[in-house]
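Work through the exercises below with the sequence and the 3D view open. Try each task before you read its solution.

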Amino acid sequence: MIAHDLETGIARLQDLVAQAKVVVPFTGAGISTECGIPDFRSPGGIWTKMRPIEFSDFLASRDMRDESWRRRFAMEEQFGGAKPGRGHLALAALYRAGKVPGVITQNIDNLHQASGIAADRVVELHGNTTYATCLDCAKRYELSWVKERYVASGGRSPDCGCGGFIKTATVSFGQAMPEDAMRRAQELTESSDLFISIGSSLVVWPAAGFPLAAKRNGARLVIVNRDPTEFDDIADLVLRHDIGAVFAPFIAH
Ligand SMILES: [Zn+2]
């Protein structure tokens, strides 16, 4: 059912949330656009102008690793100060109220954690770009540490003490999906009786699998996205409205 207008859509969503015992949100780039973080994959997005660095290229070439860090630090200047938006704050309020046991996200921006959801309750399918890890020993590095060495060496990316390469904790194109995150996302999905997809086009696999799994499991499905998705037909409610406007009434004051 596609909501005719914003008001009736919000009222219906409030009813569904009130009736649900376990609400599991699944978030994509659309929830962060009002925070100033562009949707990299959208038409006109960065990745349609600049080819992303594949994982195999990162491993094979020091120049690619340097370029990858150059891009990361350029991004920091643009979006480093991003704050949670209304969608993030609403989900954090539902989390504090005990309705939401955890959030599944395709985003790498750390904004769910910044909104107050415990880090171990945020399942990041594509990792996190706000810190780095060694690809060999998994040691964690802060971006400030990497940047200091990158700048001091004239734009060379530092390696770990163990000799491994240091990379943002994201899942790159061509890199395997994190098994642990996939398993936790599946468990969360199956635990829900209301699954809300927010700001995801639901095109990129494995994203597309979760709403379907929720629906098969008997949960109600809500899709909040600016553009139509191919799952709108099986959704119990579809809101094609601004995400911040849809979720503003759910922010606890
Ligand atoms: Zn290491």
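Contact here means heavy atoms within 4.5 Å. Keep in mind that the model is predicted.

**Exercise 1.** Place His241 and find which residues His241 is in contact with, leaving aside its neighbours within four places in sequence.

*Solution.*
Step 1: Locate the residue. His241 sits in the loop between β9 (237-239) and α10 (243-247).
Step 2: Apply the contact cut-off, heavy atoms within 4.5 Å. Without the neighbours within four places, the partners of His241 are Ala3, Asp5, Leu6, Val224, Asn225 and Val246.
Step 3: Check accessibility. Partly exposed residues fall between 20% and 50% relative accessible area. His241 has 22%, so His241 is partly exposed.
Step 4: Compare sequence and space. His241 and Arg156 are 85 residues apart in sequence, and their C-alpha atoms are 44 Å apart.

**Exercise 2.** Decide whether Arg72 and Phe79 are buried or exposed.

*Solution.*
Step 1: Find the helix. Arg72 is in α4 (residues 62-79). Phe79 lies in α4 too.
Step 2: Use the cut-off. Buried means under 20% relative accessible area. Arg72 has 8%, so Arg72 is buried. Phe79 has 13%, so Phe79 is buried.
Step 3: List the partners of Arg72. Beyond its neighbours within four places in sequence, Arg72 touches Thr129, Thr130, Leu143 and Thr168.
Step 4: Take one distance from Phe79. Asp109 is 30 residues from Phe79 in sequence, with 9.2 Å from C-alpha to C-alpha.

**Exercise 3.** Which residues of α8 are buried, and what do they pack against?

*Solution.*
Step 1: Size up the helix. α8 has 13 residues. From first C-alpha to last, α8 reaches 18 Å, close to the 18 Å expected at 1.5 Å a residue.
Step 2: Pick out the buried residues. In α8 these are Ala181, Ala185, Leu188 and Thr189.
Step 3: Ask where they point. They cover an arc of only 100° around the axis, so they lie on the same side of α8.
Step 4: Recall the helix rule. An α-helix has 3.6 residues a turn, so residues three or four places apart point the same way.
Step 5: Name the packing partners. The buried residues of α8 pack against β1 (23-27), β2 (103-105), β3 (122-124), β7 (194-198) and α9.

**Exercise 4.** Describe how α8 meets α9.

*Solution.*
Step 1: Set the geometry. The axes of α8 (residues 179-191) and α9 (residues 209-216) come within 9 Å and cross at roughly 35°. The crossing is right-handed.
Step 2: Name the residues. Met182, Ala185, Gln186 and Thr189 of α8 meet Phe210, Ala213 and Ala214 of α9.
Step 3: Sort them by class. This contact has 5 nonpolar, 2 polar and no charged residues.

Definitions and conventions:
Residues numbered from 1 in each chain as written. Predicted model: local features only at pLDDT ≥ 70, side-chain atom pairs only at ≥ 80, totals over all residues. Heavy atoms only, no water. Axes fitted to C-alpha atoms, helices over the stretch in contact; angles between N-to-C directions. Helix = DSSP H or I, 4+ residues; strand = E, 2+ residues; numbered from the N terminus. Left-handed = near helix turned anticlockwise from the far one by under 90°. Nonpolar A, V, L, I, M, F, W, Y, C, P; charged D, E, K, R; others polar. Expected span 1.5 Å × (residues − 1). Buried < 20%, exposed > 50% of the residue type's maximum accessible area, 1.4 Å probe, protein only. Arc of directions from axis to C-beta.
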